[in-house]
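User: Hey, can you walk me through this one? I'm new to reading structures.
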Amino acid sequence: MFSTVATFVRATVALAAIAATSGALAQSGEVNVYTYRESKLIQPLFDAFTKDSGIKVNVISASSGLEQRIKTEGERSPADVLLTVDIGRLEDAVSAGITQPIVSPVLDKVIASQYRDPEGHWYGISLRARVIYASKERVKQDAITYEELADPKWKGKICIRSGQHIYNNALIAAYIAKHGEAKAEEWLRGVKANLAQKPSGGDRETARDVAAGKCDLGIGNTYYWALMSKSEAQKPWADATKVILPTFAGGGTHVNVSGVVLAKHAPNKANGMKLIEWLAGETAQHMYADTNYEYPLRGGVAVNPIIASYGVLKPDPLPLSKIAASKKAAAALVDKVGFDN
Amino acid sequence: MRGAVLSHRLRWPPIAATAIVLGVAALVALPLVSLLRIAAIGDADIWPHLIAYVLPAAAMQTVLLLAGVAAVTTVAGAGSAWLVTTFRFPGRDALLWLLPLPLAIPTYIAAYVYVDILDAAGPVQTALRGLFGWSAAQDYWFPPIRSLGGAILIIGFVLYPYVYLAARAMFQTQCAIFIDAARAVGAAPWRLMRDITLPLARPALAIGVALALLETLNDIGASEYLGIQTLTLSVFTTWLNRGSLPGAAQIALSMLTLVAALIAFEIYARRRQRYQGAIQDSRLTAPIRLHGIRAWLATLACTVPVAFGFLIPAGFLVRETVMRGLVSGFDPALLRHSATTVMLAACATAVVLLLGLAAAVAQRLIRRRFVAACVAFATLGYAIPGTVLALGLLSPLVAADDTINWLSQRLTGASVGLVVAGSSVAVIVAYSVRFLAISIGFMQAGLSRVAIELDEVARLCGAGPMRLVSSVHLPLLRPALWGAALLVFVDCLKELPMTLLLRPLNTETLSTYIYQFATRGNFEEGALAALLIIAVGILPVMRIVRLAETRPADPAELR
């Protein structure tokens, strides 16, 4: 009994010790980043930032709920900067009231106006496009429209992850914003009818299925394919497929942003601003292009040669805020047509 | 009758015990109240849509998934437990060690592994295409692993140890007299199982299956990856895609109510049954030696769950670790993450065991309906999906910080920041709320097997409640304590969604580390971290197996 009690006591002391050492970090010379981007992916960026600026970066990465966390933490929240992907999430952060305007003439010069909030609550940092992984062997055409994905000639030939995943949610929202809900429903039913299997897995599985011949067309993000082509184990899947940059009929390719917001109660606001401006700077933008295989938003920074091999990206002119506004409708439409069932 | 006579003399200071029970219940009530507050915001407009297009299909998928997992875990868990308890056959001694090991494999890791192996581009189908000269996966039919059936098998084969451990403990200590008597009248082993072993083991099986099913209900990673639209997933899509956090909270709370009702029904359904086993006779029944083909069939039957639940996934991870040079290119941060993981899990396990023990003992000492209800309520944390629970905990944790800061402002004039919500305490509280059910369940089951007469004798001899617990209950509860410690510890090691949302800055556990790779479509890079989870998890599994395989404490030997 006494050894059991002693164990509990020891554990309680240990618990108190952890609590004491890992309290909120809000000293000068630091910046606290909450991120939906995987820390593995952005850690090299933060390391480079620390080297350049001497400012230490503290990170929490998660998959959902960070807006709620920042909101609940309130005035004492240690969050300075929130990094996320998807326009919808950026707008969600703004409407949750956890942001403050980023005032930076430097950023305004570097980031084109369609990739930032008119009031400065969010700024895009990099772009990605939602494209087609097509079988080299079975798909002859080198151009395609999103509209064409509903064409019965592709019956049983298309693979895609869940329609509720944010990447697809944004694509469907863009379709609604361009064509209206009725047309979008017809289209989504058509795409659904063309699926080779129930939506599941991720973009990597989609490419893999195309490579293995489960389907001829897969829908995925630009950087996954580049990552596969650079990975020894996954290269065969990239080799068996080609990337087609699809367009909306009469428009361009569907793109989405990875972006940044400044937290409303940022305790290290100055450092946060330094980090945000640094992320849009030359060094970081080259890293976004060459290690993450994203499209840099800063003019004059070249895309990686693998990404360039897809062809010249012509982003659709539809404003991103229109996509964000249609996201709920897109989610409802996926439910209505039973896309994932 | 007996109790009534003695109760005036034996009643333990009920205030302390009631306070303990209330405190434990309050811990679970806090996140529930904050979820209720979120749900109460309204958003009723979303329900017609949910009812028309989302919930019927999701409910159907969920029911099928749960039924399938219940079947697989019961057959694999109770079946293998019965075989190793009743018979001797080749490999039995090794299987006693191997059978609980799938516990250490996180469900979503198993899903990734099996999709890698069995998907169209995996080695199996690639070999088949080569063999039959098919050029593309469209040319033939192969059972899709990303399907409901696939999910049932994958989840079932990693979760069966919940049933196995509960069933094994029960079978092992089942009254030898019954078994021997039945054998004496010539009952065949399978009849013994049907008429005596299984009915006697029903409470244990119910707990094991319930834990496995709640674990299934908590899963989001595996079912999303495998394309199963469960109710849990619909909670998330309602929150994140349909933009209704209140709607999501309402679905989660409805599910919770349903689960609580089901568990209450199971308890109600066997209210007339009384179980008293080990106390009259704690002799273990001797296993019967099997011969020939039947012996090997038993070996095979017990090897199948071990192979699918552990050997194949672990083997795959070892292969990836070697092929990707993850050992030579060892990421030194992994050591720190391992230490963090073990520390968090150990702290939470200590807290959970202490609270579970206190609650179960208090319930035994004060046999009032109110106390029992509080203890039952305290197990509800396990029935809430992790991320939802974490969301519910945010407000109470920050409220605690507000109080602390208010106090420190008054006392020292300085505020201390988020010492609860912004520290590891948040994660430990979350683990405690979620896994309390496991320790309470084990303690209750353990205590139910300690005859109440022992308490009465101890008290007649003048032992106080502390003495009663330390000298009588704890020694007899040792297997239950270790069983609970193992499950809670391993569950904490594997826990992902709550850790992701609540952990402090610059803190990674092995699970969150793997998650980084998984979201990038490259989970194999996390293979070594997954193996570390398994390695850390296996140590307590070995400890519990050693304990379980020795004789349970004999009441006669008590001092």
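Analyst: Sure, let's go through the confidence, the way the chains meet, the domains and a couple of helix pairs.

User: Okay, is this predicted or from an experiment?
Analyst: It's a predicted model. For the complex, the predictor gives an ipTM of 0.87 and a pTM of 0.88.

User: What is the mean pLDDT of chain A?
Analyst: Chain A has a mean pLDDT of 90, with 92% of its residues at 70 or more. There's a weak patch, though: pLDDT is below 50 over residues 15–27 of chain A. In the model, that stretch has 31 contacts beyond near neighbours in sequence.

User: What should I do with a patch like that?
Analyst: Where pLDDT is low, the predicted coordinates should not be read in detail.

User: Got it. And what's the mean pLDDT for chain B?
Analyst: The mean for chain B is 86, and 92% of its residues reach 70 or more.

User: Where in chain B is confidence lowest, and where is it highest?
Analyst: The low end is helix α1 of chain B, residues 2–10, with a mean of 45. The high end is helix α13 of chain B, residues 292–323, at 94.

User: Which stretches of chain B have pLDDT under 50?
Analyst: Residues 1–10 of chain B stay under 50, and the model has three contacts for them beyond four places in sequence. Residues 552–559 of chain B also stay under 50, with 14 contacts beyond four places in sequence.

User: Switching topic. How many residues of each chain are in contact with the other?
Analyst: 60 residues of chain A are in contact with 61 residues of chain B.

User: Which parts of chain A do the touching?
Analyst: On chain A, the elements that each supply at least two residues are α1 (2–21), α2 (39–53), β2 (56–61), α3 (66–73), α8 (203–212) and α15 (327–336). The largest share comes from α1(A), with eight residues.

User: What kinds of residues are on that side?
Analyst: The side of chain A that touches chain B has 22 nonpolar, 22 polar and 16 charged residues.

User: Can you zoom in on one spot there? Say, how do α3(A) and α16(B) cross?
Analyst: Good pick. The axes of α3(A) and helix α16 of chain B (residues 386–412) come within 9 Å and cross at roughly 15°. Angles under 35 degrees count as roughly parallel, so α3(A) is roughly parallel to α16(B). The crossing is right-handed.

User: Which residues meet there?
Analyst: From α3(A) you have Gln68(A), Arg69(A), Thr72(A) and Glu73(A). They meet Leu391(B), Leu394(B), Ser395(B) and Val398(B) in α16(B). By class, that contact has three nonpolar, three polar and two charged residues.

User: Nice. How is chain A divided up?
Analyst: Chain A has domain 1 (26–127 + 256–308) and domain 2 (128–254 + 312–336). Their C-alpha centres lie 27 Å apart. At the place where they touch, 15 residues of domain 1 of chain A are in contact with 15 residues of domain 2 of chain A. On the domain 1 side, α4 (87–95), β9 (255–263) and α13 (305–308) of chain A give two or more residues each, and α4(A) gives the most, with three. That side has seven nonpolar, five polar and three charged residues.

User: Any helix pair inside chain A to look at?
Analyst: Try helix α7 of chain A (residues 181–194) with α15(A): they pack at about 45°, with their axes 10 Å apart. That makes α7(A) oblique to α15(A), and the crossing is right-handed. In α7(A), Glu181(A), Ala184(A), Glu185(A) and Leu188(A) meet Ala329(A), Leu333(A) and Lys336(A) in α15(A). The residues of this contact divide into four nonpolar, no polar and three charged.

User: Last one: what are the domains of chain B?
Analyst: The assignment gives domain 1 (12–41 + 327–559) and domain 2 (53–271 + 283–323) of chain B, with C-alpha centres 24 Å apart. 41 residues of domain 1 of chain B are in contact with 40 residues of domain 2 of chain B.

User: Which helix gives the most to that domain 1 side?
Analyst: That's α22(B), with 12 residues. By class, the domain 1 side of chain B that touches domain 2 of chain B has 32 nonpolar, five polar and four charged residues.

Technical notes
Residues numbered from 1 in each chain as written. Chains lettered and ligands numbered in written order. Predicted model: local features only at pLDDT ≥ 70, side-chain atom pairs only at ≥ 80, totals over all residues. Contact = placed C-beta atoms within 7 Å. Helix = DSSP H or I, 4+ residues; strand = E, 2+ residues; numbered from the N terminus. Nonpolar A, V, L, I, M, F, W, Y, C, P; charged D, E, K, R; others polar. pLDDT = per-residue confidence, 0-100. Domains from an automatic or database assignment. Axes fitted to C-alpha atoms, helices over the stretch in contact; angles between N-to-C directions. Parallel < 35°, antiparallel > 145°, perpendicular 65-115°, else oblique. Left-handed = near helix turned anticlockwise from the far one by under 90°.
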